[in-house]
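Open the model in a viewer and keep the sequence panel visible. The stops below say what to select and what is there.

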Amino acid sequence: MGEGLREGLREGGRGGAGQGSGEGLREGLREGLREGLRDGDALRLWLVGAGLVPDHTPLRRLGPDWVEAFRALRHDVGTLVRAELAGTGPEEEALARVNAAAAGPPPGVCAVRNQEGHLVRELCGGVECAGMLATVARDAVELLTDPGDLALIRSCEGDGCARLYLDTSRGRRRRWCSSELCGNRERVARHRRRVREVAGAG
């Protein structure tokens with residue numbers, strides 16, 4: 001499957017800063033109530049962190065229309081993935097929207113020389129919203145049609161968290177979308193419960 005979406009899921013699909021190997025859709029598959037794409041800056045971080053936009057590609061200001069479009073796509077992808085995991089039929093309207101986005105032409109990639117004279121990847125012809133949506137939607141199509149990847153998707157066990165993530169941990173025992181956030185909150189809560197239990201026993 002496309003690395004952009006896969007990478008975001010490895011890190012728990014968060015839409016803002018702090019997402020490792022792919023902040024992305026894979027920040028990418030975070031569901032609506034906890035949507036992390038707060039604004040254009042968060043979307044820019046996600047696109048670059050997920051590897052959807054090469055580091056050296058200049059990104060102009062991403063307006064509210066970009067944020068709304070990516071939120072809608074991420075919501076549709078999340079809906080479809082959850083339906084697949086639950087073994088229910090896909091929501092046809094969401095599927096149609098994802099397929100329509102995936103059918104669009106993705107941005108071209110070219111090699112350019114950086115200031116040190118090395119060849120680096122850059123998107124050619126500018127970065128357009130429809131092209132980036134097509135890239136993410138194609139990643140989603142690959143994910144949805146790959147049984148191996150679908151088998152690795154988990155829903156975070158964190159209290160109140162609905163994020164999806166790709167569990168590539170040894171033994172497939174990962175429980176949280178992010179050990180630093182949801183995992184740490186759970187450890188803190190567990191410690192507090194123990195303290196209360198000890199205090200009550202005394």
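**A buried aspartate and its partner**

Start by selecting D76, which is buried, with a relative accessible area of 5%. The model is a predicted one. Now add R97: the side chains of R97 and D76 meet in a salt bridge, 2.7 Å from N to O. The two residues are 21 apart in sequence, R97 in helix α5 and D76 in helix α4, and the pair links distant parts of the chain. R97 counts as partly exposed, at 42% relative accessibility.

**Along helix α4**

Extend the selection to the whole of α4, residues 64-86. This helix has 23 residues and reaches 33 Å from its first C-alpha to its last, close to the 33 Å expected at 1.5 Å a residue. Colour its buried residues, among them W66, V67, F70, L73, R74 and D76. Just after α4, stop at G87, where phi is positive, about 75 degrees.

**The largest nonpolar core**

Next, select L43, W46, L47, W66, F70 and M132. In the largest nonpolar core, which has 34 residues, these six touch the most other members. Elements giving two or more residues to this core are α3 (40-49), α4 (64-86), α5 (92-102), α6 (129-144) and β4 (164-166). Which of the elements gives the most to this core? The answer is α6, with eight residues.

Centre on L43 and show its surroundings. Leaving out residues up to four places away in sequence, L43 touches L37, L62, W66, V67 and F70. Another core lies apart from the largest one; its six residues include Y165, W176, C177 and C182.

**Cysteines**

Select C182 from that second core. C182 counts as buried, at 2% relative accessibility. Its closest cysteine sulfur is in C156, 3.8 Å away, too far for a bond.

Where, then, is the one disulfide? Select C110 and C124: a disulfide joins them, with an S to S distance of 2.3 Å. C110 lies in strand β1 (residues 108-113) and C124 in strand β2 (residues 119-124), so the bond ties together parts that are 14 residues apart in sequence. C110 counts as partly exposed at 24% relative accessibility, and C124 counts as partly exposed at 29%. Select C129 as well: this cysteine is buried, with a relative accessible area of 16%.

**The other salt bridges**

The whole structure holds three salt bridges. For one of them, go to helix α3 and select R44 and D41, whose closest N and O atoms are 3.0 Å apart. These residues are three apart in helix α3, and are therefore separated by about one helical turn. R44 is partly exposed, with a relative accessible area of 22%, whereas D41 is exposed at 52%.

For another, select D167 and R154, where the closest N and O atoms are 3.8 Å apart. D167 sits in the loop between β4 and α8 (179-201) and R154 in strand β3 (residues 153-155), 13 residues apart, and the pair links distant parts of the chain. Is D167 buried or exposed? D167 counts as buried, at 0% relative accessibility, while R154 counts as partly exposed at 23%.

**Zoom out**

Finish with the whole chain in cartoon view. Its secondary structure comes to eight helices and four strands, in the order α-α-α-α-α-β-β-α-α-β-β-α along the sequence. Of the chain's 202 residues, 45% count as buried. Switch to a surface view: the accessible surface comes to about 10600 Å², and 52% of it belongs to carbon and sulfur atoms.

Notes. Residues numbered from 1 in each chain as written. Predicted model: local features only at pLDDT ≥ 70, side-chain atom pairs only at ≥ 80, totals over all residues. Heavy atoms only, no water. Core = buried A, V, L, I, M, F, W, Y, C linked by side-chain atoms within 4.5 Å. Buried < 20%, exposed > 50% of the residue type's maximum accessible area, 1.4 Å probe, protein only. Contact = heavy atoms within 4.5 Å. Areas by Shrake-Rupley, 256 points an atom, 1.4 Å probe, with all protein chains shown as cover. Disulfide = S-S within 2.5 Å. Expected span 1.5 Å × (residues − 1). Salt bridge = Lys/Arg side-chain N within 4 Å of Asp/Glu carboxyl O.
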